[in-house]
Every structure is written in C-alpha cells, then in structure tokens.
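Here are two short exercises to work through with the structure in view. Try each task before you read its solution.

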Amino acid sequence: MSSRTLASFASKQENLELLAEGKTKQIYGIKGEKDYVLIRSKDSLTAFNAERKNELEGKSKIASKTTVNVFEYLQLLGLPTHFEQSISDTEFIARKCTMIPIEWVARRVATGSFLKRNPGVKEGFRFNELKLETFFKDDANDDPQWTDEQIVSNGLMIDHLKIGRDEISLMKKMTKLVFRALEKAWALENSALIDMKIEFGVTVEGEILLADVIDNDSWRVWPENDRRLQLDKQVYRDMKEVTAEGLQLVLKNYTKVMEITSTFSKPRQSCHVLVIMGSGSDGVFARKISDAAKSFGLETTLKVSSAHKTTSDTLEVLAEFEDSGVPTVVIAVAGRSNGLGPVIAGNSSLPVINCPPSSESLSLDIWSSLRMPNGIGCTTVLDPSEAALAAAKILASHNHIVFGKVLTAQLQNQINIYNANRKLE
C-alpha cells in the first residue's frame, strides 16, 4: 500500500486487530499489512508500576503529538526509528517490530531512583559522560536492573537476532545519540534534559530500530535547570494525594511540552557554507561539496572568484558573508597554485578549508594547499564530502539540527561496521 492508502485503511477500526495493550497505549495489527502496526495512545496516567492510576482526558492527544514531534525530529536527523506517519490526534503508524525487553535509561544528572541505588552520590551530580543503565522489563519483579553481562548471559533471541555484546554496544551508541540530540533541542528552550528512557525493537529483517513511544512520561525536564519547575511526570509521582487541581497542573505541563517539542524540527540559527572555486571548470567538484553540506542542514552558496585574477572581487564576496552575522565556513576549491584559500584565510576571521579538485598533477599541486605562510590558519581536506563534514562539525555548535545530523552520520558508520560483521557471521 502507498502511505496515503495505508493511512486511510488504518483509520477504520474494522481494519484493525488488537495485538497488545500496555498501561498507556494500544498496538493494533492492520489487516493485510504485515510490515506496519498502528499505535494508539490512551488517556491513562500511571506511576509506581501502575499502583497509582488516573484517567486524564486529553492526555492521549498530547502524548501522541509529543511522540510524533520527537520522532519527526529524530528522523530528520537520520536516526533509524519505527515511526512512519501520524494519522490522527491519538494514533500513528509504525514499522512492525518485536520489542527487545530492555529499557535503556540515560542520565545527565543524578536524581530519583539512581540515588537510592547508589547511596553516597549527591543529588545533582552531573555525569559529563552520560550514565547508561538497563532494566529488564518485568512488571512482576518491578523491572530489575541488568548489567551487560546479565543481558548476554540470558541469550535474548528477538526474531532470530541474538542480543549479544555487539547489539548492546550499538544500542548504547543509539541511546547516547537520542539523549544528546534531545538535550540540545531542550537547551534552546533554556531547559535541561535530566534523564530519559527509551526502548528498541527488531524488524523482520533483523534491523534494530528506536521504537515504542517517547513522550512526557519518558524523561525528566527541568526548565532553567531548576527541579521546582519540572514539566514531566515527576509532578504526578510527587503528589501526596491526587487531586483534580493536581491533574490539571499535569495536563498543563504536558501541553506545554507538546508545544515545545513541536519546534524541535525547526532550525533556530541558519548556518552557511560558502564554496568559492577559482575556475568555472571546477563546478562539478564544487557541487559535490555543496550537496554534501546541504545533507547536514547547511545553506550553501557557490561562487567563482580567482584570488590571483580578481582579488578585490574575492575580498568583496568575503566581506558580504562576514557582515551577515550568519555563522559561515568558506571552502576554497582551487588547484595548481592555490592562492585562493590562503588569501581568504589571511584576510578573514571565517574558518577556511582548502579542498583542491583532483587532477593528474594533484601530487605536485597539493603542496600549495598544505604549505601555508605563518599566520594564515586554513586547513586542507581532499575529499569533497569530508570537507562538507568538517564544515558541519565547525558549525554544529550553532545549530541543533546540524549537530544532530553530524551525530547520526557518525552512528551510521558504526551501523555499517555492525552490519558488515553480521554478514561475516
């Protein structure tokens, strides 16, 4: 089915079959469709392994929209997830996965249950390297904490995929990426992401995907890094007695989180890569740089200007970008005697990367890009996609989407290595 046909078909209750039901959601199979399921949020609000439970009208819409906001942001960055499309206020379609019964928790700050399990650690202790914990999903035993060794020893088999050390390592990398990408987005709202939990699933093809839901029950968020202003489910957990007034405060906080997460996929600060080539004949090479830069969410401009023949014009172009106030990296494409990069770098505070086009005489020409006079400060990268990546890393601190795309590019390298090893096995 096309995505539109699938959405229309799945929107009719008679085409759905309940596969599983949890505390806050239902999962439906879609008749005639083996690769996708429908996930529907419920108005239920629970805590303490459902010992506390309330129905909160409107919570299902807010939770579903928050999940959609988060998954659309993570997919924009290139992270492999099960999310496909939202089809109603409370429902979305996802790739069918067999869930791995492990809950992954990433912590930036020590609080909550971590303090009980680690007496002596003060509340507010910051983990510069994210602290990761895993819990086996077992309601009857209150989801016990498991080590890597326990996961490996139990030999979990999920749809013909055995969860071993390589799979654990991959999920650790994905967990860190999810946290860091969301942490960056929350920071733009002057809010600290304190900790969060996520889960993974395995497709029929054996691919590990970020799965389940990510909503306001999944994390702790402290505006202005102040626990008293918390926006998450902890407000509900902290109630000595649940009141109608208290539930309305929870709903208000959840609504605010839904509204904030809807901005995560929108860039706040544009970033630019100026590709200057010394000759129009380098256009194909320069466009490779531009295309790669765009894939990281960077805006690009291509210009032809010769440092030797049109020096004043080159500096005028440079001045325009320096004066714009937009974070910019210049990539100079010039071979033979490369004066372009050094002239730009020697007359600008903008970062400059030399990327000389390949040629038969590159082994001789490369020295004009590598051997710089003192006080110039430009670098050289030969591959056009690598030059774009270097520019993206320089600009990542200015734009949370560029930052996330750089992280997912690194993760993809690790996934490729993981997949290559699986084929050998």
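**Exercise 1.** Trace the open sheet of 5 strands and find what packs on it.

*Solution.*
Step 1. The strand order is β1-β2-β3-β7-β6, with antiparallel pairing; strands are DSSP runs (E, at least two residues), numbered from the N terminus, and two of them pair if DSSP finds at least two bridges between them.
Step 2. β1 (16-21) and β6 (83-86) are the edges, each with a single partner strand, so one side of each has no neighbour in the sheet.
Step 3. From one strand to the next, the twist averages 30°.
Step 4. Between β1 and the antiparallel β2 (residues 25-30) there are 5 bridges, and A20 has I27 in β2 as its bridge partner.
Step 5. Helix α2 (residues 59-77; helices are H or I runs of at least four residues) packs on the sheet and touches β3 (33-41), β6 and β7 (91-95). Its direction makes about 130° with that of β6, where axes are lines fitted to C-alpha atoms, for helices over the stretch in contact, and angles run from 0 to 180 degrees between N-to-C directions.

This is a predicted model: local features need pLDDT of at least 70, side-chain atom pairs count only at pLDDT 80 or more, and totals for chains, interfaces and linings use all residues. Residues are numbered from 1 along each chain as its sequence is written, and side-chain values use heavy atoms, leaving out hydrogens and water.

**Exercise 2.** Is H400 buried or exposed, and which residues is H400 in contact with?

*Solution.*
Step 1. Find H400 in helix α14 (residues 400-424).
Step 2. The relative accessible area of H400 is 4%, so H400 is buried (under 20%; exposed is over 50%, partly exposed in between, with a 1.4 Å probe and protein chains only).
Step 3. Leaving aside neighbours within four places in sequence, H400 is in contact (heavy atoms within 4.5 Å) with Y73, K184, A185, L188, F264, K266, P267 and R268.
Step 4. A polar atom of the H400 side chain lies 2.7 Å from the backbone oxygen of F264.

Terms used
Polar contact = N/O pair within 3.5 Å; in protein donor to acceptor, adjacent residues only side chain to side chain.
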